[in-house]
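This report goes through the packing, the sheet and the charged pairs of one protein chain. Please keep the sequence and the 3D view at hand while reading.

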Amino acid sequence: MRVYFCGSIRGGRDDVHVYRRIVQTLQSYGTVLTEHVSSTELTDRGEDAAAAGDRAIHDRDLDWLRQSDVVVAEVTQPSLGVGYELGRAVSMKKKILCLFRPASGRNLSAMIRGADDGDLFVVKDYSEDEVENVLQEFFNDLKRT
């Protein structure tokens with residue numbers, strides 16, 4: 001299984017430790033095409049795009065998105081890029097899991113929470129200590145369909 005993981009990069013890296021935990025868990029379910037999102041060496045300046053440019057990053061990531069079987073997004077830290085990726089994933093009819101931590105004190109966008117259809121687009125509230133269980137439940141449900 002190929003997993004596309006979405007998390008904030010230029011929108012802020014405060015949750016990188018959570019991304020790392022999620023990506024490590026996702027690796028037990030398949031290949032994470034975007035594991036670099038969880039790298040602590042990646043700052044809110046993003047990847048070094050000087051050589052290839054933002055267009056190359058966009059095109060590469062869309063190619064990975066097309067190749068993916070499932071999309072998992074941590075949406076607690078607001079990010080234009082993550083929102084864009086989710087919109088594209090919806091148009092590609094990908095199975096999507098959005099993870100949100102209410103304890104952050106943030107409010108999740110109505111465009112994300114309201115997209116939850118219980119089937120292709122699922123939003124789950126969670127706490128850090130239960131993320132592995134939430135992912136296990138999601139992937140177990142995938143196997144049943």
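## L135 and the nonpolar cores

In this predicted model, L135 touches I22, T25, L26, Y29, V72, L97 and L99, leaving aside residues up to four places away in sequence. Apart from the core around these contacts lies another core, of 17 residues, with C6, A73, C98 and F121 among them.

The largest nonpolar core has 23 residues. L135 is one of those with the most contacts inside this core, along with F5, I22, L26, V72, L99 and F139. Two or more residues come from each of β1, α1, β3, β4 and α5. Helix α5 gives the most, with 6 residues.

## Helix α1 and its cover

Which residues of helix α1 are buried? In this helix, which spans residues 16–26, they are V16, V18, Y19, I22, V23, T25 and L26. I22 and L26 also appear among the residues with the most contacts inside the largest core, and both are touched by L135.

The cover over the buried residues of α1 includes strands β1 (2–6), β2 (31–32), β3 (70–74) and β4 (95–100). Helix α5 (131–144) is also part of this cover.

## The sheet

The strands β2-β1-β3-β4-β5, in that order, form an open sheet of 5 strands with parallel pairing. Its edge strands are β2 and β5, each of which pairs on one side only. Helix α5 packs on the sheet and touches β1, β3, β4 and β5. The direction of α5 makes about 165 degrees with that of β4.

Strands β1 and β2 run parallel and are joined by 2 bridges. V3 has V32 in β2 as its bridge partner. Strands in a sheet pair through hydrogen bonds of the backbone, and the pairing may be parallel or antiparallel.

## V71 in strand β3

V71 is found in strand β3. Is V71 buried or exposed? Its relative accessible area is 0%, so V71 counts as buried. Residues up to four places away in sequence aside, V71 touches Y4, C6, L65, L86, A89, K94, K95, I96 and L97. One of these contacts, C6, is among the residues of the 17-residue core.

V71 and R2 are 69 residues apart in sequence, and their C-alpha atoms lie 8.8 Å apart in space.

## Salt bridges

Side chains of opposite charge can pair when their charged atoms come close. Over the whole structure, a search finds 10 salt bridges.

One of them joins D69 and R2, with the closest N and O atoms 3.3 Å apart. D69 lies in the loop between α2 (54–67) and β3, while R2 is in strand β1, so this salt bridge ties together parts that are 67 residues apart in sequence. D69 is partly exposed, with a relative accessible area of 37%. R2 is also partly exposed, at a relative accessible area of 37%.

K124 and E137 form another salt bridge, and their closest N and O atoms are 3.3 Å apart. This pair links distant parts of the chain, with K124 in strand β5 (residues 121–125) and E137 in helix α5, 13 residues apart. K124 counts as partly exposed at 29% relative accessibility, and E137 is partly exposed with a relative accessible area of 41%.

A salt bridge of 2.8 Å, N to O, is formed by the side chains of D61 and R60. Are D61 and R60 buried or partly exposed? D61 is buried, because its relative accessible area of 13% is under the 20% limit. R60 is partly exposed, with a relative accessible area of 27%. In addition, D15, E74 and R101 are linked in a network of salt bridges.

## The backbone at K93

Most residues other than glycine have a negative phi. K93 is not a glycine, yet K93 has a positive phi of about 60 degrees. Where is K93 placed? K93 sits in the loop between α3 (80–91) and β4. At 64% relative accessibility, K93 counts as exposed, because the limit for that class is over 50%.

Technical notes: Residues are numbered from 1 along each chain as its sequence is written. This is a predicted model: local features need pLDDT of at least 70, side-chain atom pairs count only at pLDDT 80 or more; totals for chains, interfaces and linings use all residues. Side-chain values use heavy atoms; hydrogens and water are left out. Buried means under 20% relative accessible area, exposed over 50%, partly exposed in between (1.4 Å probe, protein chains only). Helices (H or I, at least four residues) and strands (E, at least two) are DSSP runs, numbered from the N terminus. Contact means heavy atoms within 4.5 Å. A salt bridge is a side-chain nitrogen of Lys or Arg within 4 Å of a carboxyl oxygen of Asp or Glu. Two strands pair if DSSP finds at least two bridges between them. Axes are lines fitted to C-alpha atoms, for helices over the stretch in contact, and angles run from 0 to 180 degrees between N-to-C directions. A nonpolar core is a set of buried Ala, Val, Leu, Ile, Met, Phe, Trp, Tyr and Cys residues joined through side-chain atoms within 4.5 Å.
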